[in-house]
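Trainee: I'd like to go through this structure with you slowly, and please explain the terms as we meet them.

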Amino acid sequence: MIGNYDFDVVVIGGGPGGYVAAIKAAQCGKRTAVIEKGSFGGTCLNVGCIPTKALVKTVSVFDTIKRSQEFGIEGIDTSAVRVSMEKLQARKQKIVKQLVGGVGALLKGNKVAVLKGAASFVDSHTVKTGDKTITSEYFIIATGSEAFMPGFIKYEGDTKIITSTEALDLAVVPESMNIIGGGVIGIEFAYIFAHLGCKVTVLELMDHILPMVDTDVSDLARKTLEKAGVVFETGARVKAVRDLSVIYEKDGREQSLAATLTLMAVGRVPYTKGLNVEGIGIELNKTAIKTGPDMRTNISNIFAIGDVNGVSMLAHTASHEGLVAVANILGESQTMSYDAVPACIYMEPEIASIGLTEQQAREKYGDVKVGRFPMSANGKSLIEGEKSGMMKVILDANLGEILGVHLFAVHATDMIAEIAVAMKLEATAEEVIHAIHPHPTVSEAVGEAFMAAYDKAIHAL
Ligand code: NAD
């Protein structure tokens, strides 16, 4: 039957997983199509990473202008400075539109066929989109995720609950906002709305916000946000939302807190609605499509990448999984490793982490070496107007293997790439120390944090 299909590879979903996989497959000579029911770029480009960071940027500029006197600038009446939500939304839309158009142009330029509509599997080599039937030798499912509305929370009355999608589109800054979940989404929106003048409370189940980040860093981030007015209720188990109030249990007591809006940010769930994956026998792991490290599902010609496989819900992981899936379609034997996936959280300063937290490293390896460097001792950070922050590295005690790195600093999200390369090349701490970091940069502090693990930082005692 090979050769009689309409396409060699059909990718379902045009987000950062799907469009990257489609372009790569086409570049490698495969007759490729992508099926998309909405706009190219998926959650990331339309209602996730990109629009959120556009809001973060405006907030950061706003904050810098309010602090202009610190930089020696006079003549600005900072009490009169305000953010126009209308103009902020317009700027955000313009950026999104340009990037969505860019993805369309890249697909076209790489001769990927574009099919608009929602795909549904008929069998392992056939999907239907509207009244069209499309056959392919291989399929890559990249349908992403949607906001999780937990069933364990009761919803009563007119709850005014929004998700990150609606939060990005708000035309007016609400007077107050309860954010359920102190994970990545909760913290990024807490930063945005607190700086826009909203009274924000974050309700987080665990004892620390950002449970996936090293606690030295998450505790510092919490303090920074508290200075901006964010109130944290940690160890708070939200049980219900009743009209405008969030009902939660803390220290064995039921408490209630009212706000103009409630933002639900307790995770996302894989999106497979209408795909008929179970109908053709694709195995699921709860709601996620089960894949092996080669990105293959239990049906050998069908792959699943990105949020829909539920492994690591990050745009850059999705793109990389797409490359791995295509390599396997081409007959190369590639597997995905998740040991060195950088995670970035956008506020000011930024947070970036990779690998294990200190606690995870101690549980796994026992003895480890830890180095910390305060950003107050870094010249470029002070020039940027940022005295707070730290860099922390966790190393294997004997060989200096990099186990984890956690940054809370200006430009942290750009700097973590250095560590991703170092970990990929299995560099030791000594090799990172001997890589020359330019001066004056914030990145110098990376080398210092590694030296600090051996009690030999130059610029800290
Ligand atoms: P998350 O998993 O990061 O955090 C959810 C938080 O909700 C956790 O801290 C959890 O302890 C808490 N929680 C769960 N149940 C609760 C309850 N009943 N009461 C109070 N707290 C409760 O999820 P998210 O922040 O919604 O993000 C969803 C996904 O999107 C994640 O995979 C994230 O990595 C991704 N994302 C990434 C970025 C980025 O890379 N910058 C930005 C936004 C989202």
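Mentor: We start with residue classes: Ala, Val, Leu, Ile, Met, Phe, Trp, Tyr, Cys and Pro count as nonpolar, Asp, Glu, Lys and Arg as charged, and the others, Gly among them, as polar. Please keep in mind that this is a predicted model, in which local features need pLDDT of at least 70 and side-chain atom pairs count only at pLDDT 80 or more, while totals for chains, interfaces and linings use all residues. Residues are numbered from 1 along each chain as its sequence is written, and side-chain values use heavy atoms, with hydrogens and water left out.

Trainee: Okay, so how do the residues of the shell around the ligand divide into those classes?

Mentor: The shell holds 16 nonpolar, 4 polar and 4 charged residues, where belonging to it means having a heavy atom within 4 Å of the ligand.

Trainee: And which of the 24 residues come nearest?

Mentor: Those are Ile-185, Glu-188, Glu-204, Gly-267 and Cys-344.

Trainee: What do Ile-185 and Glu-188 have 2.8 Å and 3.1 Å from the ligand?

Mentor: Ile-185 places a polar backbone atom 2.8 Å from an oxygen atom of the ligand, whereas Glu-188 uses a polar side-chain atom, 3.1 Å from a nitrogen atom of the ligand. Ala-265 also takes part, with a backbone N or O atom 3.4 Å from a ligand oxygen; such polar contacts are pairs of N or O atoms within 3.5 Å. On its own the ligand has 860 Å² of accessible area, and the protein covers 81% of that, as computed by the Shrake-Rupley method with a 1.4 Å probe.

Trainee: Which elements give two or more residues to that shell?

Mentor: They are helix H6 (184-195) and strand S11 (199-204), and H6 contributes the largest share, 3 residues. Helices (H or I, at least four residues) and strands (E, at least two) are DSSP runs, numbered from the N terminus.

Trainee: New topic: how many salt bridges are there?

Mentor: The count comes to 20, taking a salt bridge as a side-chain nitrogen of Lys or Arg within 4 Å of a carboxyl oxygen of Asp or Glu. In one of them, Glu-146 pairs with Lys-273, and their closest N and O atoms are 3.3 Å apart. This pair links distant parts of the chain, 127 residues apart, since Glu-146 sits in strand S7 (residues 145-147) and Lys-273 in the loop between strand S17 (268-270) and strand S18 (284-285).

Trainee: Why can such side chains pair at all?

Mentor: Side chains of opposite charge can do so when their charged atoms come close.

Trainee: Last thing, which peptide bonds are cis, and where do the prolines lie?

Mentor: One cis bond runs from Glu-348 to Pro-349, with omega near -10 degrees, and Pro-349 lies in the loop between strand S21 (343-345) and strand S22 (350-355). Another runs from His-439 to Pro-440, with omega near -5 degrees, and Pro-440 is in the loop between helix H12 (429-434) and helix H13 (444-452).

Trainee: And what about phi of Met-295?

Mentor: Phi of Met-295 is near 75 degrees, which is a positive value in a residue other than glycine, and Met-295 is found in the loop between strand S19 (288-289) and strand S20 (302-304).

Definitions and conventions
Polar contact = N/O pair within 3.5 Å; in protein donor to acceptor, adjacent residues only side chain to side chain.
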